[in-house]
Amino acid sequence: MKEEKTRFLLAGLFLLAAVFVIPEAKQTYARERNIVLRDDWFTDDWYEDENDSDYFYIGDTGHIEVVYNNFWNQDIVRLEYISNAENVVLVDAQGNYRVVGSGSAEVMVNGYTADQERVFEESYEFRVCADLSGAGLGKTYVKQYLWETCGGTDTSVPLKNAPKIEYYTFDYTSSNKRMKVYCYFDSDEKAVQIQSESAGSTTLTFTINGKVFQLELKVTEVKMAKKSVVLAQKKKIVLKLKGYPGKVKWGSTRKKVARVSSKGVVKARKTGNTAIYATHDGKRVGCIVSVVTPAKKRVVSEAKKIAKGVYSQEKRMQKGYYDCSSLVWRSYKKAGKYFGDKNYAPVAANIAKWCFGKKKRIKGGLSDDNVNKMKLRPGDLFFEGGEHNGRYKGIYHVEMFIGYRWRGFYGNKPIVDCLWAARPANYYFGGMMARP
């Protein structure tokens with residue numbers, strides 16, 4: 001008799017559990033959250049609920065509370081809770097709910113009077129994030145290459161063993177605050193997208209639907225070892241790419257000026273300027289190669305050397321010192337040009353007068369067109385004038401152009417900086433120029 005009572009009790013407990021079965025949650029990020037449904041339909045906030053826009057996780061529990069204003073003096077004696085998707089949300093007769101699956105479910109709440117008249121009718125939509133307890137990252141280490149001036153670089157890291165993801169929450173942190181790294185989650189691809197805009201190493205921590213994932217990220221900047229080269233005709237130079245160990249394709253924007261081999265060996269041909277570049281996956285980094293005569297190469301090299309000295313008009317002809325016109329005169333002395341005076345450097349205005357008298361003036365001068373089309377050549381001279389100093393064209397200053405520096409590409413056209421012997425890049429804008 002005692003054994004029969006025990007079997008009867010166990011059977012009763014089994015039937016009770018079958019009425020309201022709540023599966024064990026697979027995720028541990030469960031919370032207790034209460035929901036309030038109101039019938040204040042005479043006010044602006046008749047459907048107000050602070051949690052309505054939130055997402056839920058499997059295992060979340062709570063109570064659905066009804067706030068009834070009883071405007072018509074009809075008391076509610078019975079509440080009815082109905083879930084339209086019990087595989088997502090279960091709710092009992094007292095309004096206690098538990099989230100058991102991912103997806104969406106609507107819980108309808110009806111309130112009845114003693115006469116079974118329905119005087120309350122509201123619903124709440126549960127949007128439940130997918131269970132990622134069995135998912136993992138397809139990669140735990142990512143190496144990216146940031147090509148100089150080509151913008152950021154991005155990588156897609158898929159989740160493995162992930163179910164269909166209809167709703168999700170996503171957050172991330174980076175251990176290296178100095179790095180510019182941005183991440184977002186693509187639910188359609190079931191992948192984390194990582195975008196980097198600076199080099200460095202960091203540990204990324206992602207929280208997706210309550211589950212934490214970690215990934216090590218290393219970003220290396222890819223750039224050319226040199227951005228500007230002045231090369232004498234028929235000479236060679238090997239350009240080296242820094243930061244990228246893979247195979248790249250080399251190219252030249254003006255092959256008549258210089259060619260480049262598959263290993264980055266540049267051979268100078270005709271005088272002029274060209275962009276030599278390395279390409280991988282649509283991204284390019286480059287170097288502006290200016291080809292000049294051997295004599296002009298000596299002139300430019302001497303100008304760079306003199307410009308390392310001290311500016312002094314008083315000691316302008318002494319070694320270790322210079323002013324603008326003595327720098328030009330002493331540099332061109334290497335090519336056998338003296339601008340009319342073989343013994344002493346003339347002033348800038350006299351150098352300009354000599355150049356223009358010899359028909360050496362460059363049409364357009366230091367114009368955007370000449371710069372952007374790379375029409376200027378190392379060794380060209382720039383003159384500043386317009387002063388009322390009684391000198392030729394009011395010229396008071398001369399500077400030597402020593403080449404272009406690669407800064408990027410706009411389509412297939414190189415973007416360049418103008419380099420000067422004794423001034424910073426892009427120091428001058430507009431003005432007269434000559435090619436001795």
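Is D281 buried or exposed? I began with this residue and found that D281 is exposed, because its relative accessible area is 69% and the cut-off for exposed is over 50%. I note at the outset that the model is predicted.

**Entry 1: two residues with positive phi**

I located D281 in the loop between β22 and β23, the latter covering residues 283–292. I then read its backbone angle: phi of D281 is positive, at about 55 degrees, although D281 is not a glycine.

I looked up N209 next. Its phi is near 50 degrees, again a positive value in a residue other than glycine. N209 sits in the loop between β14 and β15 (211–224). Is N209 buried or exposed? I recorded N209 as buried, because its relative accessible area is 0% and buried means under 20%.

**Entry 2: the chain as a whole**

I turned to the overall form. The protein chain has five helices and 29 strands. I compared its radius of gyration with the value for a compact globule: the chain has 39 Å, whereas a compact globule of 436 residues would have one near 22 Å. Along the principal axes, the C-alpha atoms fill a box of roughly 130 × 50 × 35 Å.

I also checked burial and surface. Of the 436 residues, 44% count as buried. The chain exposes about 24300 Å², and carbon and sulfur atoms supply 48% of that area.

How many positive and negative side chains does the protein chain have? I found 71 positive and 48 negative side chains, with the centres of the two sets 33 Å apart.

For contacts along the sequence, I took those with a separation of 6 or more; residues 24 or more positions apart account for 60% of them.

**Entry 3: N273 in strand β22**

I placed N273 in strand β22, which spans residues 272–280. N273 counts as buried because its relative accessibility is 2%. Which side chain is joined to that of N273 by a polar contact? I found S290 as the partner, at 2.5 Å. Not counting residues up to four places away in sequence, N273 touches R254, V257, V289, S290, M374, L376, R377, P378 and Y404. S290 is thus entered both for the polar contact and among the residues touched.

**Entry 4: T202 in strand β14**

I found T202 in strand β14, residues 200–208. At 3% relative accessibility, T202 counts as buried. A polar contact of 2.7 Å joins its side chain to that of S174. With neighbours within four places in sequence left aside, T202 is in contact with S174, S175, N176, M179, L215, E216 and L217.

**Entry 5: V299, I402 and helix α3**

I looked up V299 in helix α2, which covers residues 294–306. V299 counts as buried because its relative accessibility is 0%. Apart from neighbours within four places in sequence, V299 is in contact with S331, Y332, A335 and M400.

Two of these partners, S331 and Y332, are listed among the buried residues of α3, and I therefore examined that helix. How many of the nine residues of α3 are buried? Nine of the nine residues of helix α3 (residues 324–332) are buried, and the helix is mostly covered. The buried set includes C324, L327, W329 and R330. I traced what they pack against: α2, β24 (310–311), β25 (321–322), α4 (348–357), β26 (381–384) and β27 (397–410).

Strand β27 also holds I402, which counts as buried because its relative accessibility is 10%. Leaving aside neighbours within four places in sequence, I402 is in contact with V230, V300, K304, P378, L419, W420 and A421.

I finished with two C-alpha separations from V299. Where does I402 lie in relation to V299? The two residues are 103 residues apart along the chain, and 9.5 Å separates their C-alpha atoms. For V128 and V299, I recorded 171 residues in sequence and 74 Å in space, C-alpha to C-alpha.

Technical notes
Residues numbered from 1 in each chain as written. Predicted model: local features only at pLDDT ≥ 70, side-chain atom pairs only at ≥ 80, totals over all residues. Heavy atoms only, no water. Helix = DSSP H or I, 4+ residues; strand = E, 2+ residues; numbered from the N terminus. Buried < 20%, exposed > 50% of the residue type's maximum accessible area, 1.4 Å probe, protein only. Polar contact = N/O pair within 3.5 Å; in protein donor to acceptor, adjacent residues only side chain to side chain. Contact = heavy atoms within 4.5 Å. Rg over C-alpha atoms; globule rule 2.2 N^0.38 Å. Areas by Shrake-Rupley, 256 points an atom, 1.4 Å probe, with all protein chains shown as cover. Lys, Arg positive; Asp, Glu negative; His and termini not counted. Charge placed at Lys NZ, Arg CZ, Asp CG, Glu CD.
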